[in-house]
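Ready for a few short exercises? Take a moment with the sequence and the coordinates, then work through the tasks below at your own pace.

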Amino acid sequence: MKQSLKIFSLIILGFLNLSILPVFAETPEEKGLRLAIEADLRDQGFQDTTSDMVMTLRNAHGEESIREFYSKTLEVEGDGDKSIFIFDHPRDVSGTAVLTFTHKAGPDDQWLYLPALKRVKRISSDNKSGSFVGSEFAYEDLSSQEVEKYTYKWIEDIACPGFEEEICYVNEDYPVDKSSGYTRRVVWMDQSEYRIRKIDFYDRKNELLKTLIFSNYKQYVEKYWRAHYLHMVNHNTGKETEVDIEKIVFQSGLKDSDFNRQSLKRVR
Amino acid sequence: MRLFYLLYICLLFSINNTSYSFFEDIEFEGELFLSGRYFPSGPEYSSQKNNNSSLALKTEFFYEFEQQDSIVVSPFIRLDSSDSNRSKADLREFLYTSYGEDWELSFGIGQVFWGVAESKNLVDMVNQVDEVEDAFGLTKLGQPLANFTFIRDAGYFEAYIMPYFRPRPLPGKKGRLRTDPHFLKNNPKFEGGSQWTPELALRWLNTYGEIDLSAHLFFGYAKNPSIDIRVIDGITNYGAAYQRIRQLGGTLQRTSGSTLYKMEYIVRDGQRDANRNRNGFISTVTGIEYNFYRIMGDNTDLSLILEYIYDSRRDRSSELLQDDLFMASRWSLNDNFNSEVFVSSIFDLDGDGQTYQFEFSRRITDSLSGTVKSAIYQNGRKGSTLYILRQDSWLEVELKYFF
């Protein structure tokens, strides 16, 4: 009797289990987070990169101006990446450099090097929403993307925009930091390699502000995908910014000591 | 000057010893300045010229050897239409640097910045300020030095030896922004030695989260000369006298969100004050900076800066700022032209006048930029530094060409 009761209750439990299955399955929030973690995992172990970039700023009248710079990034285990941006062109800002220690939690640490004065200046990293050298990119668009900096919600799976043969996950990201210029970002990420194809940025009034398209992806060290062409359009002003990444070098052996105040003074 | 020749010969020697590829690998940059300075009021003192224009050239050569060694050479030349003390040649840098993972060694002629404040950098003890070159006091003379830096978890440990002291450039007889009488260029006095009496500095700095801290010890000459009265043929002249000092100082900065809290302090012993007393004194700059991002339109950033400058010698101090409030705002337009406006005012709390400074800079083309600067000196009490400058408010327009 005892035995049959046990079997019976097991069967009942089994049925119950089936009927409540949708509740146990992941919520859109959980799925969003899982996708972000997966994308982050796929980028882990890159060690370091060095990139040369050309930025073209174009206003609504089609007038262009060019910015050239290069960057070095170091992967830090257990915390956000360290990076240095160095400006090459135009000449009045050439040699100016920014050192950033990204943190998973709390504000980033940032130092600016002014070559004319040989001055290293600790600066506020609160200017996330500010324009990067007058471009349509804000500082937060270019800083190291850490999972902890957003909360997530998966929306749907659809064909990738401009790349119909692939299916994309569409995620909404909500910035944790209150100094962010966005209420949310909508991110299209392909299912095969978790490469970001497109981001829509919504401003503080929750209106569509900017769209960023990533293309010309190349794979490095048989693992890491990097876009070589970025195109940002500001829907409010009609201005746009293109970024051509001319060269990326992976794992050139950069060390922690290449990312401190002393090395910031040496960059050129 | 002899030192420059020596170093120059060293460079020539090193060039002769290496192959031709050396020249191909040298990075070169140049800046050509053309500027005109206008004084709306006529000069107060005899022989002073009214306006001046000048042409300056700054070049930089950089060469990197293998194995993390490099040399940078940066000569500077200015030709000025009215003040012979403003026409000059200087080696801003001639520095050999070698570094490893946790150390850096450099020697030659260098430029070193230690400060954190905006109104005045009390703690900058390595380089002499070139007051003639730049009335805002941001330009420094190249300083012969050897520096060793050690990097540890406990911070950056720096040691400096400066074998040769450089007197402060001061305006000549025909120049504006000077004392009356002007300082004689020749024969400055160096207490307890000569220009070749070495100076020593030790410094430590580190970062603890939001806080950047530094401290230093300095043994050497005070950069600001005291007046040494010399009567020549019955005429009173000013000579410069530099005293040996001992100094302990430091900086503190807390970077908290959009707000920056800053402090510089020094405790100094050995310098003569206006009464020729040598009492020790303290001086501090304490300030706060607040940043507003993206105000007025899409991209404009605004920084508001408030600093208080204190010197315990008060009016016995030869420094312009000794009990003053500095209020400034910096507008960064973040536009295609990198336009920036910096406006500041300095109020002497002892009722000794006000200074207003203005600077607007922007890019004109990719290789040309322009700056408009101005300073107004107002209501100086008789005998004070601002009173001396009462006719010398100025406006400067400068074009900078990069090649």
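**Exercise 1. A small sheet**

What is the strand order in the open sheet of 3 strands in chain B, and which kind of pairing does the sheet have?

Solution. Keep in mind as you go that this is a predicted model.
- Step 1: Reading across the open sheet in chain B, the order is S8-S12-S11, and the pairing is mixed.
- Step 2: Now look at the edges. Strand S8 (189-190) and strand S11 (226-232) of chain B each have a single partner strand, so one side of each lacks a neighbour in the sheet.
- Step 3: Follow one pair in detail. S11(B) runs antiparallel to strand S12 (residues 235-242) of chain B, and 7 bridges link the two.
- Step 4: For a single bridge to check on screen, find B:Ser226, whose partner in S12(B) is B:Ala241.

**Exercise 2. One phenylalanine**

Decide whether B:Phe76 is buried or exposed, and describe its surroundings.

Solution.
- Step 1: Locate the residue: B:Phe76 belongs to strand S3 (residues 69-80) of chain B.
- Step 2: Count neighbours. A residue is buried if 20 or more other C-beta atoms lie within 10 Å of its own. B:Phe76 has 22 C-beta neighbours inside 10 Å, so B:Phe76 counts as buried.
- Step 3: List the contacts. Leaving out residues up to four places away in sequence, B:Phe76 touches B:Ala56, B:Lys58, B:Asp90 and B:Arg92.
- Step 4: Set a distance beside these contacts. B:Asn50 is 26 residues from B:Phe76 in sequence, and their C-alpha atoms are 25 Å apart.

**Exercise 3. The whole chain**

How compact is chain B for its 403 residues?

Solution.
- Step 1: Take stock of the secondary structure of chain B, which has 3 helices and 21 strands.
- Step 2: Compare radii. The radius of gyration of chain B is 22 Å and the globule rule gives 22 Å for 403 residues, so chain B is as compact as a globular protein of that length.
- Step 3: Add the extents: the C-alpha trace of chain B spans about 60 × 60 × 45 Å along its principal axes.
- Step 4: Finish with the interior. Buried residues account for 33% of the 403 residues in chain B.

**Exercise 4. The interface**

How many residues of chain B are in contact with chain A?

Solution.
- Step 1: The contact involves 32 residues of chain B and 25 residues of chain A.
- Step 2: On the chain B side, the elements giving two or more residues are strand S6 (143-152) and strand S13 (244-256).
- Step 3: Sorted by type, the residues on this side of chain B are 9 nonpolar, 13 polar and 10 charged.

Key:
Residues numbered from 1 in each chain as written. Chains lettered and ligands numbered in written order. Predicted model: local features only at pLDDT ≥ 70, side-chain atom pairs only at ≥ 80, totals over all residues. Contact = placed C-beta atoms within 7 Å. Helix = DSSP H or I, 4+ residues; strand = E, 2+ residues; numbered from the N terminus. Nonpolar A, V, L, I, M, F, W, Y, C, P; charged D, E, K, R; others polar. Pairing = 2+ DSSP bridges. Buried ≥ 20, exposed ≤ 12 C-beta atoms within 10 Å, placed from the backbone. Rg over C-alpha atoms; globule rule 2.2 N^0.38 Å.
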